[in-house]
Every structure is written in structure tokens, then in C-alpha cells.
Amino acid sequence: MERMNGELSIVLSGEAGQGVQTVENVLTRVLKLSGYHVFATKEYMSRVRGGCNTTSIRVSSSPVAACVDRIDILVPLSKERTKHLARRISPGTVVLEGFATNTEAIGALSAIIGVDKELVRAELKKRFSSKGEQVVVSNLAAGDAGYEKGVELVSSGRVRAKLVPDPRVKDAIVISGAEAIGLGALAGGLNFISAYPMTPSTGIFTFLSQNAAETGIISEQAEDEISAINMAIGAWYAGARAMVTTSGGGYDLMQEGLSLAGMLETPVVISLGMRPGPATGLPTRTEQGDLDLALYSGHGEFPRAIFAPGSIEQA
């Protein structure tokens with residue numbers, strides 16, 4: 001397999017807890033630092049443990065804003081983790097198996113793409129430094145072993161990626177949609193956030209809570225969604241700029257509070273992470289199917305402004 005159009009589509013699959021997300025986090029960062037454009041997305045098939053999770057990473061010589069169905073390199077981290085990907089596998093797909101750890105896969109993929117080995121080692125040290133010296137040493141060894149395997153694969157001609165780095169990418173940031181919404185809220189003057197955790201909106205609440213001390217905001221995890229929106233309305237009434245994060249089922253519970261805000265003419269900002277499907281929906285999937293619900297939610301007539309971001313920049 002040799003990509004001649006300046007991009008590569010990589011998919012990793014494995015059980016929950018095998019570190020598929022770690023591969024994404026480390027690899028996207030080293031690719032960015034190497035000057036490559038990246039876009040990644042996750043797919044959670046399992047609910048707790050036992051199912052198959054995947055992450056798709058598209059690395060390119062030019063800007064990319066979505067993933068593609070095509071799989072150039074597939075890395076299954078456990079047996080029989082390719083069944084649900086069958087329709088995306090083509091004769092040109094290279095399946096790389098036999099990696100002992102997720103860190104070994106990071107090393108191999110880095111070598112295939114042409115990332116400097118020392119850059120990979122530096123990122124692994126940073127990633128695992130909080131877990132102790134022994135963990136760092138073992139992961140560096142696994143990364144080195146994987147890198148050598150990647151070099152061998154390239155030398156044998158089995159796999160090769162022709163990508164041209166863009167020096168401007170090194171100064172860019174790797175950011176998720178949840179983090180982008182959080183940063184946008186902070187730029188808008190956010191100083192209070194209340195929420196009851198509910199996927200897929202929890203990432204926004206977590207990001208803002210983790211940075212609450214640095215940004216000077218108040219973060220409050222409520223006992224339920226009803227309390228969360230009432231806290232936000234109270235915060236606005238007291239002069240704060242507040243936001244609530246929730247998903248479809250939680251948003252349903254907020255309708256009376258939303259109507260209260262309309263009656264009081266008190267502003268409130270709600271981030272609605274939408275799930276497909278009826279009732280509580282599919283919590284590990286996202287869509288924008290609740291736009292009508294958002295538009296006509298609450299009782300009576302009062303103004304609602306709805307923003308439906310379709311890209312990281314819009315978020």
C-alpha cells in the first residue's frame with residue numbers, strides 16, 4: 001500500500017480499556033508537531049467493557065476536516081476486532097497485527113509516516129510521567145520496539161506513506177469539539193457552569209471544570225438536570241454569565257426551567273449534546289436530530305437563539 005495523494009486513513013480497534021484513545025491522543029499530537037494535518041474521531045461500540053471501540057485518524061499534507069470511510073492501515077489491538085469494519089476494508093487496506101501494546105502501535109505508525117523517533121519518545125515521556133518511572137521506561141521500550149517494526153515494514157515495501165509536512169501546522173493546536181465549545185464559552189465571558197454529567201455533553205463540563213481554577217469560573221455538578229438549569233438561571237439573575245451542558249434526556253427535564261427563564265426574561269445558555277434514537281437514545285453516538293426540539297422547547301412564546309456548529313471553528 002502506498003498513498004500517492006498525500007494522505008493516510010488509519011483505523012485502530014480494540015476492547016474498551018486497551019488504550020485505543022491513548023493511541024489517538026499521542027499520535028495526533030506527534031503528527032501535529034511533525035507538521036502534518038490531522039483529524040480524528042471515535043466510535044464507541046461497547047457500553048462498559050467487552051465491545052469494540054475504534055478511532056479513525058486521517059493524516060494529510062493539506063488541511064482535513066472530516067474522516068473518510070476508506071481504511072489504508074487497520075490496527076486491531078485484539079482478536080476479531082475487524083468484523084464491524086468489514087465494509088470499509090478494501091484490497092488496498094494493510095492490516096497490521098501482533099502489537100503487544102498500544103504504545104508499540106504508536107511507535108510503528110510513527111515510523112511508517114516518518115515521524116522522528118525522539119519526538120515520539122518525548123511525547124510518551126510526557127504522557128506517562130505521572131504514573132511513575134517504571135511505567136515510563138516500559139512504554140518507551142514498547143514504543144522503540146514498535147518503531148523498529150514500522151521501519152522494517154517500510155523497508156520491505158509493504159507499507160509506505162508519501163506525506164509532505166507543513167511547517168505552519170507545528171504552531172497550531174489539536175482540539176476536540178467539546179474543548180472548542182468550552183473555549184468559546186470562556187471567550188464569551190462564562191464564569192459559572194452547572195451540569196449533571198450526560199454523554200456526549202460531559203466533555204465540555206469536564207474541560208471547563210478542569211480549568212476552573214485557572215480561568216476563575218465556578219463549576220458545580222448538580223444532583224440532576226432540573227437543579228442544574230435552576231442554578232444557571234439563579235446565577236444569571238445574580239449577574240453571572242452561566243451555561244448548562246446536557247443531552248436529550250436531560251434537556252427534556254429542563255423544559256420547566258427553560259420556560260421559567262423565558263417568563264423571567266433571564267438569559268440562559270444551554271449546550272445540548274444530541275443523541276440519535278428515541279428515549280435516552282444511543283449515548284455513545286452523536287447527531288443533530290434534536291434541532292426542532294430545541295427550537296420549540298419550553299411553554300409559550302419567547303426568543304430562542306440556536307447555534308448548530310458543523311466544524312471545530314464554528315464550535
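Is Lys 117 buried, partly exposed or exposed? Select Lys 117 in this predicted model, and the answer is that Lys 117 counts as partly exposed, because its relative accessibility is 25% and the partly exposed class runs between 20% and 50%.

**First stop: helices H3 and H4**

Keep Lys 117 on screen and add Glu 148, since the side chains of Glu 148 and Lys 117 meet in a salt bridge, with 3.5 Å from N to O. Colouring the helices shows that this pair links distant parts of the chain, with Lys 117 in helix H3 (residues 117-128) and Glu 148 in helix H4 (residues 133-156), 31 residues apart. Glu 148, like its partner, can be judged by its accessibility: the relative accessible area is 40%, so Glu 148 is partly exposed.

Now select Arg 121 and Asp 144, whose side chains also meet in a salt bridge, here with 2.5 Å from N to O. Arg 121 lies in helix H3 and Asp 144 in helix H4, so this pair ties together parts that are 23 residues apart in sequence.

**Second stop: other salt bridges**

The structure as a whole holds 11 salt bridges, and another of them to display is the one between Asp 69 and Arg 87, where the closest N and O atoms are 3.5 Å apart. Asp 69 belongs to the loop between strand E4 (52-60) and strand E5 (73-76), while Arg 87 belongs to the loop between E5 and strand E6 (94-95), and the two residues are 18 residues apart. With a relative accessible area of 48%, Asp 69 is partly exposed, whereas Arg 87, at 66%, is exposed.

Next, select Glu 7, Arg 58, Arg 70 and Asp 72 together, and you will have a network of residues linked by salt bridges.

**Third stop: strand E5 and its partners**

Move on to strand E5 and show its side chains: Ile 73 and Val 75 point one way from the strand, Leu 74 and Pro 76 point the other way, and all of them are buried. Adding strand E2 (residues 7-15) brings in a neighbour that pairs with E5 in the parallel sense over four bridges, and within this pairing Ser 13 stands opposite Pro 76 of E5. Strand E6 is the next one to add, for E5 and E6 run parallel and are joined by two bridges, with Ile 73 standing opposite Val 94 in E6.

**Fourth stop: a sheet of four strands**

Which order do the strands of the open sheet have? Select E8, E9, E10 and E11, and you can trace the order E9-E8-E10-E11, with parallel pairing. Strand E9 (218-221) and strand E11 (269-273) stand at the edges with a single partner strand each, so one side of each is left without a neighbour in the sheet. Neighbouring strands of this sheet are turned against each other by 20° on average, when direction is ignored. For a view of one pairing in detail, look at strand E8 (residues 192-195) and E9, which pair in the parallel sense over four bridges, and where Ala 195 has Gln 221 in E9 as its bridge partner.

**Fifth stop: around Ser 297**

Select Ser 297, which you will find in the segment after helix H11 (291-296). Its relative accessible area is 3%, so Ser 297 is buried, and, leaving aside residues up to four places away in sequence, Ser 297 touches Tyr 251, Gln 255, Leu 258, Phe 302 and Arg 304. Keep Phe 302 and Arg 304 selected, because the charged end of Arg 304 sits over the ring of Phe 302, 4.0 Å from the ring centre, within the 6 Å that such a placement requires. By contrast, a search of the whole structure for aromatic pairs finds zero.

**Last stop: two loop residues**

Select Thr 280 in the loop between E11 and H11, a residue that counts as exposed at 53% relative accessibility. Gly 249 is 31 residues away from Thr 280 along the chain, and their C-alpha atoms are separated by 5.4 Å.

Finally, go to Ala 172, in the loop between strand E7 (160-161) and helix H5 (177-187). Ala 172 is partly exposed, with a relative accessible area of 36%, and from C-alpha to C-alpha it is 8.7 Å from Leu 33, although the two are 139 residues apart in sequence.

Conventions. Residues are numbered from 1 along each chain as its sequence is written. This is a predicted model: local features need pLDDT of at least 70, side-chain atom pairs count only at pLDDT 80 or more; totals for chains, interfaces and linings use all residues. Side-chain values use heavy atoms; hydrogens and water are left out. Rings of Phe, Tyr and Trp (its six-membered ring) pair if their centres lie within 6.5 Å; planes under 30 degrees apart count as stacked, over 60 as edge-to-face and the rest as tilted. A charge sits over a ring if NZ of Lys or CZ of Arg is within 6 Å of the ring centre and within 35 degrees of the ring normal. Two strands pair if DSSP finds at least two bridges between them. Axes are lines fitted to C-alpha atoms, for helices over the stretch in contact, and angles run from 0 to 180 degrees between N-to-C directions. Buried means under 20% relative accessible area, exposed over 50%, partly exposed in between (1.4 Å probe, protein chains only). Contact means heavy atoms within 4.5 Å. A salt bridge is a side-chain nitrogen of Lys or Arg within 4 Å of a carboxyl oxygen of Asp or Glu.
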